[in-house]
Amino acid sequence: MGMSSYILDQEEKFWDKAESLIGECESFNEFLSKMKPYENLLQGTQSADDFEDSLHHGWQDFWSDKYGWN
């Protein structure tokens with residue numbers, strides 16, 4: 001496995017974890033706290049540089065889709 005494949009796999013694990021936790025959280029700050037231990041999975045990605053912003057976009061997308069806020 002090349003390094004780029006490894007990085008992409010780690011990023012996918014991060015977003016899988018985010019998807020599994022997001023619905024349990026009552027606020028973005030709670031979601032952010034629950035995801036902080038997994039931040040290392042984003043090393044080498046642009047999402048690592050924008051950790052909080054990336055999660056915030058995911059948070060907005062999840063709740064928009066759930067409640068049709070488009």
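At what angle do the axes of H1 and H2 cross, and within what distance do they come? I will start there and then work through the other helix pairs. One caution before the answer: this is a predicted model.

The axes of H1 and H2 cross at roughly 140 degrees and come within 10 Å. That angle makes H1 oblique to H2. You might expect the word antiparallel, but that label is kept for angles over 145 degrees. The crossing of this pair is right-handed. On the H1 side, the contact is made by Phe-14, Lys-17, Ala-18, Leu-21 and Ile-22, and on the H2 side by Phe-31, Lys-34 and Met-35. Sorted by class, the H1 and H2 contact has six nonpolar residues, two charged ones and no polar ones.

Now the whole chain, for orientation. The protein chain has four helices and zero strands, so in sequence order the pattern reads α-α-α-α, by the rules that define a helix and a strand. Along the principal axes, the C-alpha atoms fill a box of roughly 40 × 25 × 20 Å. The chain has 70 residues, and 29% of them count as buried. If we take contacts between residues at least 6 apart in sequence, 57% of those contacts join residues at least 24 apart.

Next pair: H2 and H4. Helix H2 covers residues 28-35 and helix H4 covers residues 51-67. They pack at an angle of about 125 degrees, and their axes are 10 Å apart. That makes H2 oblique to H4. The crossing is right-handed here. Which residues meet? From H2 we have Phe-28, Phe-31, Leu-32 and Met-35, and from H4 we have Phe-51, Glu-52, Leu-55, His-56 and Trp-59. By class, the contact of H2 with H4 has seven nonpolar residues, one polar and one charged.

The remaining pair I want to show is H1 and H4. Their axes cross at roughly 50 degrees and come within 11 Å. That makes H1 oblique to H4. The crossing of H1 and H4 is right-handed. H1 brings Phe-14, Trp-15 and Ile-22 to this contact. H4 brings Phe-51, Ser-54, Leu-55, Gly-58, Trp-59, Phe-62 and Trp-63. The class count for H1 with H4 is eight nonpolar, two polar and no charged residues.

Some of these names keep coming back, which brings me to the core. The largest nonpolar core has 15 residues. Which of them touch the most other members? They are Phe-14, Phe-28, Phe-31, Met-35, Phe-51, Leu-55 and Trp-59. The elements giving two or more residues to this core are helix H1, which runs 3-22, together with H2 and H4.

Let us look at one of those residues, Met-35. Met-35 is in helix H2. Is Met-35 buried or exposed? Its relative accessible area is 0%, so Met-35 is buried. Leaving aside residues up to four places away in sequence, Met-35 touches Phe-14, Lys-17, Ala-18, Leu-21, Phe-51 and Leu-55. Lys-17 is 18 residues away along the chain, and the C-alpha atoms of Lys-17 and Met-35 are separated by 7.9 Å.

Phe-51 is another one to look up on the screen. Setting aside residues up to four places away in sequence again, Phe-51 touches Phe-14, Leu-32, Met-35, Lys-36, Glu-39 and Leu-42.

Now two residues of H1 that are not buried. Lys-13 lies in helix H1. Its relative accessible area is 49%, so Lys-13 counts as partly exposed. Being exposed takes a value over 50%. Lys-13 and Glu-24 are eleven residues apart in sequence, and their C-alpha atoms are 18 Å apart in space.

Leu-8 is also found in helix H1. Leu-8 has 52% relative accessibility and therefore counts as exposed. How far apart in space are Leu-8 and Thr-45, C-alpha to C-alpha? The answer is 8.2 Å, with their positions 37 residues apart in sequence.

To go back over the pairs: H1 is oblique to H2, H2 is oblique to H4, and H1 is oblique to H4. Met-35 is a good place to begin reading the structure, as it belongs to the contact of H1 with H2 and to the contact of H2 with H4.

Terms used. Residues are numbered from 1 along each chain as its sequence is written. This is a predicted model: local features need pLDDT of at least 70, side-chain atom pairs count only at pLDDT 80 or more; totals for chains, interfaces and linings use all residues. Side-chain values use heavy atoms; hydrogens and water are left out. Axes are lines fitted to C-alpha atoms, for helices over the stretch in contact, and angles run from 0 to 180 degrees between N-to-C directions. Angles under 35 degrees count as roughly parallel, over 145 as roughly antiparallel, 65 to 115 as roughly perpendicular and the rest as oblique. A crossing is left-handed if the near helix is turned anticlockwise from the far one by less than a right angle, and right-handed if clockwise. Contact means heavy atoms within 4.5 Å. Ala, Val, Leu, Ile, Met, Phe, Trp, Tyr, Cys and Pro count as nonpolar, Asp, Glu, Lys and Arg as charged, and the others, Gly among them, as polar. A nonpolar core is a set of buried Ala, Val, Leu, Ile, Met, Phe, Trp, Tyr and Cys residues joined through side-chain atoms within 4.5 Å. Buried means under 20% relative accessible area, exposed over 50%, partly exposed in between (1.4 Å probe, protein chains only).
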